[in-house]
Amino acid sequence: MKLWIGILFCCLAYGTFAQTDAEVSVVPPQRKYDSIRAINIKPYPDHFFVWPVLKQRRLDFEMEDLPARDRKIAYRSNRPYGFGFGVYLFEVAAELAFSIPVDEKQKDLYGESKARDLQLNMLGKQWGLDVYHQRYDGFYIDDPSAKVPAGKPYPQRPDITTRNLGFTGNYVFNNKKFSFRSAYNFADRQLHSAGSFLLFTSISSFKAQGDSAILGKHYASEFGGDSGIQQIKSTTFAIAPGYTYSFIQRGFFLNGTLAVGPAHNWLYYRLENGGTKNDIKFSAFIVGRIAMGYSGDRFFGGLSFVTQNSTAQFDHVKLTSSTGTFKILFGYRFREFGILTKRVRDLPKALGFGN
């Protein structure tokens, strides 16, 4: 038994850092009984969960001309869906999803994006933290002003590489009646409709570069000298107040979250001819989340979409970077038994490695 538990734990730890699409969630334990919270929110501290999951992650960016704002060029990743399994065990939730192969027709139309996407989520009763590191290679160009005929390939830039890393934290004010994790990792079950004001804060660094200019001479008339940008980097600090609400009806739920706030950007870009520029600007930061599904004492499931957008303005171009995750899952809660009743801090001793 010790051997199998050790193997499972090691596989989850390895998958977190080795897979293209891996995610680990940590749910802090309930520290004390709260009668008001107990009326509205039901935790499951004595259960472990398993679920299959279908998910897709994306990292895209757009470049819009300033000041006219009549041309917006989007660089989109062609990421396939991933299928895998998740488990909530020892107060740690882990998901491992493996990419479903893209058919050749999709590759012809949109190219192929390679990605390394790692994420750590921590959700408590009042606070949450997302830490992420994303690297995407290969994009196709979506230009609304240059329609691509049906069945014809989009312009593709396999040489463009993006990197996005940072963290986003959130604080929920009405934690006695509202649970964020009930809708997004099912560690709790919300019993009654409720909402809360919340506050997001984020520090992130986004970089995009190509073997040649990202826009190029074709867009020089709209973007001016910025059409020659070969590498662009934006480091952002943002604070965004917002509101979240979950509507509950007989175990079914619908959650919506929106937060908007100011962002401080440290900007850098390098032109194709070797010129560089640094600047400091203020812009907007947006967080949006939606989730719906069913959560019972045994079965749970649903779908969710989480997106986070940051903008940065240069001389003749506005850069918008966006990351999003779409997920569908169905799961079942089992009552803990034996060593499964332990917590992460108890595992070394339970497996015979401690004193």
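**Close-up views of a predicted model**

Strands 14 and 15 make a hairpin, with three residues between them. This is a predicted model, in which local features need pLDDT of at least 70, side-chain atom pairs count only at pLDDT 80 or more, and totals for chains, interfaces and linings use all residues. Residues are numbered from 1 along each chain as its sequence is written, and side-chain values use heavy atoms, with hydrogens and water left out.

**View 1. Strands 14, 15 and 16 pair through two hairpins.**
Strand 14 (residues 276-295) runs antiparallel to strand 15 (residues 299-313) over 11 bridges. Strands are DSSP runs of E with at least two residues, helices are runs of H or I with at least four, and both are numbered from the N terminus. Two strands pair if DSSP finds at least two bridges between them. Val287 has Gln308 of strand 15 as its bridge partner. Strand 15 also pairs with strand 16 (residues 317-335), again in the antiparallel sense, over 15 bridges. Here Ala312 is bridged to Leu319 in strand 16. Three residues separate strands 15 and 16, which form a hairpin.

**View 2. Asn175 sits in a loop and contacts Gln126.**
The loop lies between strand 9 (156-172) and helix 4 (181-184). Asn175 is buried at a relative accessible area of 12%. Buried means under 20% relative accessible area, exposed over 50%, and partly exposed in between (1.4 Å probe, protein chains only). The side chains of Asn175 and Gln126 share a polar contact of 3.3 Å. Such a contact is a pair of N or O atoms within 3.5 Å; within protein, one must be able to donate a hydrogen and the other to accept it, and residues adjacent in sequence count only if both atoms are side-chain atoms. Leaving aside residues up to four places away in sequence, Asn175 touches Arg37, Ile41, Lys125 and Gln126. Contact means heavy atoms within 4.5 Å.

**View 3. Tyr44 and Phe49 pair edge-to-face.**
Their ring centres are 6.5 Å apart, with 80 degrees between the planes. Rings of Phe, Tyr and Trp (its six-membered ring) pair if their centres lie within 6.5 Å; planes under 30 degrees apart count as stacked, over 60 as edge-to-face and the rest as tilted. Tyr44 is buried at 4% relative accessibility. Phe49 is buried too, at 0%. Both rings belong to one aromatic cluster with Trp51, Tyr88, Phe186, Phe253 and Phe300. Arg333 lies over the face of Tyr44, 4.1 Å from the ring centre. A charge sits over a ring if NZ of Lys or CZ of Arg is within 6 Å of the ring centre and within 35 degrees of the ring normal.

**View 4. Phe197 and Tyr243 form an edge-to-face pair.**
The centres lie 5.0 Å apart, and the planes meet at 70 degrees. Phe197 is in strand 11 (residues 194-209) and Tyr243 in strand 12 (residues 229-249), so the pair ties together parts 46 residues apart in sequence. Phe197 is exposed, at 59% relative accessibility. Tyr243 is partly exposed, at 37%.

**View 5. Asn121 belongs to strand 7 (residues 114-123).**
Asn121 is buried, with 7% relative accessibility. The C-alpha atoms of Asn121 and Tyr132 are 8.7 Å apart, and the two residues are 11 apart along the chain.
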